[in-house]
Amino acid sequence: MSDAIKHECGIALIRLRKPYQYYIDKYGTALYGANKLYLLMEKQVNRGQDGAGIANIKLDVPPGHRYISRYRSVDQRPVTDIFEKVNKKFRKAIKGNRDKAKDAQWLQENVAFTGEVWMGHLRYGTHGANEIENCHPMLRQSNWRSRNLVMAGNFNMTNVDSLFNKLVSLGQHPKEKVDTVTVMEKIGHFLDEENQRVFDRFKGIYENPDLSDIIEDNLDLQRVLHRSCRDFDGGYAMVGMTGYGASFVARDPAGIRPAYYYADDEVVVVASEKPAIKTAFNVEYSEIKEVQPGHALIVDKYGEYGEYEFIQPVEKRSCSFERIYFSRATDPDIYNERKMLGKLLVPQILEEIDYDLENTVFSYIPNTAETAFFGMVEGLEEYLYKQRKKAIMEGILFEQELDRVLSFRPRVEKLVSKDVKLRTFITDDSQRDDMVSHVYDTTFEVIRKGKDNVVVVDDSIVRGTTLEKSILKMLDRLGPKKIIIVSSAPQIRFPDCYGIDMSKFKEFVGFRAALDLLRERNQEDVIEEVYAQCVAAIESGNAAKENYVKALFEPFTHDELSQQVARIVTPSDLKAQVAVVYQTVENLHRACPNHSGDWYFTGNYPTPGGNNVVNKAFVNFMEGKLVRAY
């Protein structure tokens with residue numbers, strides 16, 4: 001994505017289902033669980049580079065021994081930093097105890113991170129400072145093992161204020177008003193209540209300390225999650241571990257955020273992306289299952305597991321941006337969807353270049369757009385096949401002309417590459433834009449100046465600033481007649497509130513285009529009317545019922561907005577003509593039929609909180625408030 005945005009986080013969970021000694025004997029290392037978690041997290045590092053954290057719980061260690069361990073890091077390479085510390089701690093512990101290096105009981109009583117339950121988290125911060133206190137996992141501690149809770153998640157809640165007020169009404173005194181704290185404290189509160197419920201049920205029948213084991217065997221985590229999450233509004237995939245070793249992964253009722261799992265007789269493993277599980281455990285994709293919306297995968301203290309509904313599922317609206325950009329394209333489904341996104345753009349591209357393939361060069365930027373580019377090239381080849389067939393069937397070609405038709409291929413070149421070694425450290429505004437433009441290297445002498453068109457595929461166009469300040473100027477130096485920027489995603493018109501860092505209207509070039517067109521056509525009254533509707537809805541408490549901001553886009557066609565975006569991002573001194581081609585929403589759904597979460601493009605939010613956020617975000621824009629709307 002040329003306009004890089006921060007986005008969702010990554011989660012990982014591993015439950016070793018056999019005794020710890022089994023893994024030492026079979027795999028020859030006491031670090032089997034740590035090594036597997038490291039792989040799961042490294043293969044999801046695309047989901048979070050601001051920070052990382054892990055936690056580990058040991059089962060059945062005697063009282064007086066630490067059974068919960070946690071490391072977090074905001075180092076430049078946080079995953080590597082954490083696991084280097086884990087390995088260092090292990091080496092230090094066995095330095096004078098070489099004979100104990102493969103003794104499971106000794107290791108668990110004396111060495112941290114030798115437990116059977118593992119959790120990992122990768123953070124992309126959509127708010128809050130990049131400090132270690134903001135890194136997951138979060139820990140809620142108690143002297144009662146069954147009341148300890150460790151949590152991490154890939155989530156954003158739209159109703160943090162009401163969740164905070166609910167905690168206060170329960171008698172709590174939360175230390176922060178952020179969704180991370182409110183979610184953990186909410187679940188922690190009902191975990192405490194569940195402990196008390198089971199205690200009351202069995203007290204008088206069993207005596208301590210046996211009663212503690214009875215409580216752990218009878219805690220109902222499905223009930224805890226139902227009571228905790230029934231008033232959540234947002235997208236979430238939350239992973240939790242209790243101090244006694246039971247764990248869970250809970251997914252929101254619309255399936256907005258992803259979660260997948262694999263289980264065999266040795267492990268239960270969960271991750272945000274299937275390729276991570278595939279790589280770490282060398283299993284077939286067909287063996288990896290999706291945690292269903294509104295369900296929790298719950299693993300008890302004995303390693304038995306199942307999927308349980310904890311909240312009523314609604315229409316599945318899993319995030320389409322996952323498919324377009326965020327997740328790894330090594331997932332075969334995602335790879336094919338991205339190719340289809342590129343392929344479906346071909347008719348629009350051909351129209352924009354007036355079907356002049358002989359004088360057009362095709363390329364892509366950034367590297368993540370490569371798969372969509374392959375799909376576009378495949379679509380061009382299919383178009384040429386049909387043209388060849390038509391020419392041959394009509395039988396009017398001379399031999400020389402037939403050779404030309406049969407041999408012609410789309411002109412494909414690598415025009416742009418990023419120089420990762422060049423850093424834009426200059427802060428003087430007059431010089432910085434020029435420096436930014438040189439972060440990219442261009443391939444010269446492949447464009448015929450003044451004659452060729454250049455078509456460049458991008459994942460999406462969010463802000464348009466990188467196009468305006470660097471990419472278009474850089475491409476213009478090659479001397480093309482026309483530059484066509486192609487987005488494999490539709491026009492981004494509305495903010496996200498479920499985990500992607502796109503929360504303010506002013507960031508979207510598509511939104512700016514709509515405002516410009518309204519002003520050009522003397523329709524500013526539409527802007528004021530929408531603002532008044534949003535203010536009234538917020539004041540009356542009805543902002544969650546309808547997205548009033550849609551009205552700003554209704555007067556314009558898809559093509560009119562694309563043309564206005566092209567005008568906005570074109571520098572005044574550019575020599576080449578510029579066009580912008582966006583994916584249509586209809587073709588997005590064709591390419592990704594099982595992932596209909598398209599609120600960024602349509603404003604159709606999957607939860608009521610989404611409407612509340614979009615209306616509030618527009619009011620913030622109109623009033624010049626540079627804050628998130630949730």
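Visitor: Which residue does Glu 378 meet in a salt bridge?
Guide: Lys 343. The side chains come to 3.3 Å, N to O. Keep in mind that this is a predicted model.

Visitor: Where do Glu 378 and Lys 343 sit?
Guide: Glu 378 is in helix H13, residues 370-394. Lys 343 is in helix H11, residues 332-343. The pair links distant parts of the chain, 35 residues apart.

Visitor: Is Glu 378 buried, exposed or partly exposed?
Guide: Glu 378 is partly exposed. Its relative accessible area is 33%, which falls between the cut-offs of 20% for buried and 50% for exposed.

Visitor: Why would two side chains pair up like that?
Guide: Opposite charges can pair when the charged atoms come close.

Visitor: How many salt bridges are there in the whole structure?
Guide: The search finds 31. Arg 47 with Glu 322 is one of them, with the closest N and O atoms 2.8 Å apart. Arg 47 lies in the loop between helix H2 (32-42) and strand E2. Glu 322 lies in helix H10, 275 residues apart from Arg 47. Both Arg 47 and Glu 322 are buried.

Visitor: And what about Arg 145 and Glu 216?
Guide: Their side chains form a salt bridge too, at 2.9 Å from N to O. Arg 145 is in the loop between E5 and E6, and Glu 216 is in helix H7, so the bridge ties together parts 71 residues apart in sequence. Arg 145 and Glu 216 are both buried.

Visitor: Which residues are in a network of salt bridges with them?
Guide: Asp 213, Asp 217 and Lys 301 are linked with Arg 145 and Glu 216 in that network.

Visitor: New topic. How many cavities are there of 30 Å³ or more?
Guide: There are 4. The largest has a volume of about 110 Å³. It is lined by 19 residues, and the closest to its centre are Pro 258, Tyr 260, Glu 322, Arg 323 and His 595. Glu 322 is also the partner of Arg 47 in a salt bridge.

Visitor: Which elements give two or more residues to that lining?
Guide: Helix H9 (274-281) and helix H10 (320-326). By class, the lining of the largest cavity has 6 nonpolar, 5 polar and 8 charged residues.

Visitor: What about the second largest cavity?
Guide: The volume there is about 40 Å³. Its lining includes His 136, Met 138 and Phe 155. Strand E6 (149-157) and H6 each give two or more residues. That lining has 6 nonpolar residues, 2 polar and no charged.

Visitor: His 136 again: which peptide bond after it is cis or trans?
Guide: The bond from His 136 to Pro 137 is cis, with omega near 0°. Pro 137 is in the loop between strand E4 (117-123) and strand E5 (138-140). The bond from Asn 208 to Pro 209 is cis as well. Pro 209 is in the loop between helix H6 (179-202) and helix H7 (210-218). In general, most peptide bonds are trans.

Visitor: What is phi at Asp 60?
Guide: Near 60°, a positive value in a residue other than glycine. Asp 60 is exposed, at 59% relative accessibility. Asp 354 has a positive phi too, near 55°.

Visitor: Where is pLDDT under 50?
Guide: Over residues 420-432. The chain averages a pLDDT of 90, and 92% of the residues score at least 70.

Key. Residues are numbered from 1 along each chain as its sequence is written. This is a predicted model: local features need pLDDT of at least 70, side-chain atom pairs count only at pLDDT 80 or more; totals for chains, interfaces and linings use all residues. Side-chain values use heavy atoms; hydrogens and water are left out. pLDDT is the predictor's confidence in each residue, from 0 to 100. Contact means heavy atoms within 4.5 Å. Helices (H or I, at least four residues) and strands (E, at least two) are DSSP runs, numbered from the N terminus. Buried means under 20% relative accessible area, exposed over 50%, partly exposed in between (1.4 Å probe, protein chains only). On a 1 Å grid over the protein atoms alone, a cavity is a set of points where a 1.4 Å probe fits but cannot get out, and a pocket is an open set with protein on both sides within 12 Å along at least five of seven lines; lining residues have an atom within 4 Å of a point. Grid points are joined across faces, edges and corners, and a volume is the space filled by probe spheres set on the points. Ala, Val, Leu, Ile, Met, Phe, Trp, Tyr, Cys and Pro count as nonpolar, Asp, Glu, Lys and Arg as charged, and the others, Gly among them, as polar. A salt bridge is a side-chain nitrogen of Lys or Arg within 4 Å of a carboxyl oxygen of Asp or Glu.
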